[in-house]
Every structure is written in C-alpha cells, then in structure tokens.
Amino acid sequence: MRLADLDVLIVDDHDAMRAMLARALDAAGVRRVRTAANAASALAQLTQRAADLVLADRNMPGTDGLSFVAAVRANPALRTARIIMISGHAGAEHAEAARAAGADAVLTKPVSPRALIAAIAALP
C-alpha cells in the first residue's frame with residue numbers, strides 16, 4: 001500500500017487526536033486526509049466518496065467505534081476500505097471486539113506516528 005496514494009478518513013471526537021493523526025499522515029506522505037468528528041458525519045462522507053483507509057476511534061458519543069465499523073462493513077460499497085481502530089482500552093478482549101466488528105488492525109492510545117505508519121504498512 002503506497003502511502004501517497006491513500007485516501008484516509010480519520011474519525012475521532014477529539015480535535016487534538018484528529019490533528020495529530022493528520023500531521024503524522026502528512027509527514028509520511030499521505031496527501032488525501034479527511035476528518036470527521038463522529039460516526040454519522042463519517043458515514044455521510046463515506047457515502048459521498050469511499051476511503052482506502054479509515055482510522056476510527058472506539059469511544060465516541062452517539063454511535064461508538066464498534067458500531068461504526070460494523071456499519072462500514074455492512075455497506076457493500078465500503079467493504080474494501082481498510083480500518084484501523086484506535087482505542088484507549090488495552091487488552092486482548094478489546095482487540096478481539098474491534099476485529100469482530102470488522103477492524104483490520106487495532107492501535108492503543110497514545111498512538112505514536114511511528115506505530116501508526118507501521119500499522120498501515122502491515123495491512124494486507
């Protein structure tokens with residue numbers, strides 16, 4: 001997966017986290033980065049234009065990250081998107097729940113730019 005070619009959507013309810021992830025992606029050469037502050041906004045954006053990669057927070061007000069990922073996976077037009085769930089919860093049970101919902105990978109906060117880029121590079 002060539003970073004410069006990716007269209008990435010960051011979904012997180014915290015402005016600072018969206019900004020940090022966007023900066024890390026920009027520094028790695030990703031040129032198409034969009035953001036959404038909640039799952040509803042993210043789904044609306046994805047129906048307008050699919051993304052290659054979605055970085056989704058697990059804990060958001062309203063629709064949480066697990067439900068958001070399941071909704072993305074349920075939409076045939078979005079099934080090819082790779083999804084990395086970013087969670088403040090550590091542990092195997094949290095990672096298993098994210099993968100069961102449809103996440104391809106899981107990162108635990110705090111996320112370093114190096115860990116983010118490594119997780120993207122490891123995606124199938």
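Q: How do I read the packing of two helices here: at roughly what angle do the axes of α3 and α4 cross?

A: Start with the general idea: two packed helices are described by the angle between their axes and the distance between the axes. Keep in mind that this is a predicted model. In this structure, the axes of α3 and α4 cross at roughly 25° and come within 8 Å. Angles under 35 degrees count as roughly parallel, and α3 and α4 are therefore roughly parallel to each other.

Q: Which residues make the contact between α3 and α4?

A: On the α3 side, look at L66, V69, A70 and R73. From α4, the contact uses A97, A98 and A101.

Q: Staying with α4, which of its residues are buried, and which are exposed?

A: Buried means under 20% relative accessible area, and exposed means over 50%. In α4, which spans residues 92-101, the buried ones are H94, A95, A98 and A101. Looking down the axis of α4, these buried residues fall within an arc of 125°, so they line one face of the helix. E93, E96 and A100 sit on the other side and are exposed. As for what covers the buried residues of α4, the list includes α3 (65-74), β4 and β5.

Q: Let's try the same thing on α1. How many residues does it have, and how far does it reach?

A: Helix α1 covers residues 15-27, so to speak a run of 13 residues, and reaches 18 Å from its first C-alpha to its last. That is close to the 18 Å expected at 1.5 Å a residue. Its buried residues are M17, R18, M20, L21, A24 and L25. Viewed down the axis of α1, they fall within an arc of 165°, so they line one face of the helix. The face turned away from that buried side carries D15, A16, R23 and A27, which are exposed.

Q: What do the buried residues of α1 pack against?

A: Their partners are the strands β1 (7-11), β2 (32-36), β3 (53-57) and β4 (82-87), plus helix α5 (113-122).

Q: There's an arginine in that list. Why does R18 count as buried?

A: The cut-off is under 20% relative accessible area. R18 has 12% relative accessibility, so it counts as buried. Leaving aside residues up to four places away in sequence, R18 touches I10, D12, D13, T35, A36 and A37.

Q: What about the nonpolar core: which residues have the most contacts inside the largest one?

A: The general idea is that in soluble globular proteins, nonpolar side chains tend to be buried together. Here the largest nonpolar core has 21 residues, and L55, I84 and L116 have the most contacts inside it. At least two residues of this core come from each of β1, α1, β3, β4, β5 and α5. The largest share, 5 residues, is supplied by α1. Take L55 as a case: not counting residues up to four places away in sequence, L55 touches V8, L9, I10, V11, L21, L25, I84, I86 and L116. There is also a second, separate core of 20 residues, with L46, M85, A98 and A101 among them.

Q: Now the backbone. Which residues are joined by a cis peptide bond, and where is phi positive after α1?

A: Most residues other than glycine have a negative phi, and most peptide bonds are trans. In this model, a cis peptide bond joins K109 and P110, with omega about -5°. P110 lies in the loop between β5 (105-108) and α5. As for phi, G29 comes just after α1 and takes a positive value of about 105°. G102 follows α4, and its phi is positive too, near 125°.

Terms used
Residues are numbered from 1 along each chain as its sequence is written. This is a predicted model: local features need pLDDT of at least 70, side-chain atom pairs count only at pLDDT 80 or more; totals for chains, interfaces and linings use all residues. Side-chain values use heavy atoms; hydrogens and water are left out. Helices (H or I, at least four residues) and strands (E, at least two) are DSSP runs, numbered from the N terminus. The expected span of a helix is 1.5 Å times one less than its number of residues. Buried means under 20% relative accessible area, exposed over 50%, partly exposed in between (1.4 Å probe, protein chains only). The arc is that of the directions from the helix axis to the C-beta atoms. Contact means heavy atoms within 4.5 Å. A nonpolar core is a set of buried Ala, Val, Leu, Ile, Met, Phe, Trp, Tyr and Cys residues joined through side-chain atoms within 4.5 Å. Axes are lines fitted to C-alpha atoms, for helices over the stretch in contact, and angles run from 0 to 180 degrees between N-to-C directions. Angles under 35 degrees count as roughly parallel, over 145 as roughly antiparallel, 65 to 115 as roughly perpendicular and the rest as oblique.
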